[in-house]
Amino acid sequence: MNTNNRRLPAEWESQQAVLIAWPHKLTDWNYMLEEVTGCYISMAEAIVPFCPLIIVTPDQQEVKPLLSHLPQERITYFETDTNDTWIRDYGPITTVDDNGRLFLNDFKFNAWGLKFAANLDNLVTKRMHKAGILSGEYVNRLGFVLEGGSIESDGNGTLLTTSECLMSPNRNGDLSQEQITEHLKEYLGVSKVLWLDHGALDGDDTDSHIDTLARLAPNDTIIYVTTTPDDPQYPALEAMQRQLQEFTTVSGQPFNLIGLPLPHPIYDPDDPGQRLPATYANYLVTDKAVIMPSYGQPKPDLLAAQILKIAYPCHDIVPVDCRALIRQHGSLHCATMQIPKSEH
């Protein structure tokens, strides 16, 4: 039950900054560092015109020369060690109260259910707040495991998530679904939690993060991934679509559903049998642009951009080639985290 008059803003509301964590040689990117660095430069180029950027990096002197062509007054650098770059899942999940004050909720990050090392990433939010990089009140939620990529908010009391992720035994395995629902309502100020029980992408090691499958959008809309009947993922995604058709808003109305086709299958060049979880649903929304992952597929990339323009008619749709990012089983939204603008 929400008793603190706080709410979780929608991603398309006004933002003070977007966070990214720069790849370096001590991350899993080391074997393809030059290629993925190029992708991060492209992400920075896409974000900076629309929103200030905060870059988390162990060594800002390595990053600054790469971005010297961008307006430096739009970029803040914060030096700290990291395990990896997926800051969506260890950055602050920010709520706002009735007076417009920000609360930086620092949930426990355990690398998607103890799959990888996370000791450094789990400290980043606290260190950023202590250094004064992030404004707002720090809220210690380290007793509860929650990743930013596992939840979607419409800013109006609805939270969308997946049972595959939040019910994972290695996250909050001692809690029932009802108990997790109550925690989400208390911590994030939501009044309705929609649990999606179906849908998964091959190669996804997050246990079905919602931001790979379905995204809340303005005007009571859900954008969700679709595929063709010859795709082995088709049955699960069809079941997901049927469940989405049953969901209703806080006011009891059905959602407007917009299908977003997947790109053509992409496979790991180092493991040709491994399909990578490429999805156009993994986009970042600022208050003026949708920064969309593209995958070097002209027709599917263009179609995805056209569909997103339907949901966001007043936004610029800005594609960024994320073929490098997908090699580590994530994409653009996973690599970013927005900080809402304070209204105080």
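**Thr206, a four-stranded sheet and aromatic pairs**

The side chain of Thr206 forms a polar contact of 2.6 Å with the side chain of Asp204. This contact, like every feature described below, is taken from a predicted model. The side chain of Thr206 also reaches the backbone nitrogen of His209, at 3.1 Å. Thr206 is situated in the loop that connects β10 (192-196) with β11 (214-217). Its relative accessibility is 7%, and Thr206 is therefore classed as buried, the cut-off being under 20%. When residues up to four places away in sequence are left aside, Thr206 touches Trp112, Cys165 and Arg171.

Strand β2 was examined next. Of the 7 residues of β2 (residues 15-21), 6 are buried, so the strand is largely enclosed by the rest of the structure. Strand β2 belongs to an open sheet of 4 strands, arranged in the order β4-β3-β2-β19 and mixed in its pairing. The edges of this sheet are formed by β4 (75-79) and β19, each of which pairs on one side only. On average, and with direction ignored, neighbouring strands of the sheet are turned by 25° against each other.

The two neighbours of β2 in this order are β3 and β19. With β19 (residues 337-340), β2 pairs in the antiparallel sense over 4 bridges; within this pairing, Leu19 has Met337 of β19 as its bridge partner. With β3 (residues 53-57), β2 pairs in the parallel sense, again over 4 bridges. Two positions illustrate the register of the parallel pairing: Val18 has Leu53 of β3 as its bridge partner, and Ile20 stands opposite Ile55, likewise in β3. Between β2 and β3 the chain passes through helix α1 (residues 33-47), and the resulting β-α-β crossover is right-handed. Helix α1 lies across both β2 and β3, and runs at about 175° to β2.

Aromatic side chains were considered last. The structure contains 10 aromatic pairs. One of these is formed by Trp29 and Trp86, whose rings are 5.8 Å apart from centre to centre with 55° between the planes, a tilted arrangement. Trp29 is located in the loop between β2 and α1, whereas Trp86 is located in the loop between β4 and β5 (93-97); the pair therefore ties together parts that are 57 residues apart in sequence. Trp29 and Trp86 are both buried.

A further pair involves Tyr283 and Tyr312. The ring centres of Tyr283 and Tyr312 lie 6.3 Å apart and the planes stand at 75°, so this pair is edge-to-face, a class that applies to planes over 60 degrees apart. Tyr283 occupies the loop between β15 (271-275) and β16 (284-285), and Tyr312 the loop between α9 (298-311) and β18 (316-321); parts 29 residues apart in sequence are therefore tied together by this pair. Both tyrosines, Tyr283 and Tyr312, are buried.

In addition, Tyr90, Phe109, Trp112 and Phe116 are linked by ring pairs into a cluster. Trp112, a member of this cluster, is also one of the residues touched by Thr206.

Conventions
Residues numbered from 1 in each chain as written. Predicted model: local features only at pLDDT ≥ 70, side-chain atom pairs only at ≥ 80, totals over all residues. Heavy atoms only, no water. Buried < 20%, exposed > 50% of the residue type's maximum accessible area, 1.4 Å probe, protein only. Pairing = 2+ DSSP bridges. Right-handed = clockwise from strand over helix to strand, strands pointing away. Axes fitted to C-alpha atoms, helices over the stretch in contact; angles between N-to-C directions. Contact = heavy atoms within 4.5 Å. Polar contact = N/O pair within 3.5 Å; in protein donor to acceptor, adjacent residues only side chain to side chain. Phe/Tyr/Trp six-rings, centres within 6.5 Å; stacked < 30°, edge-to-face > 60°.
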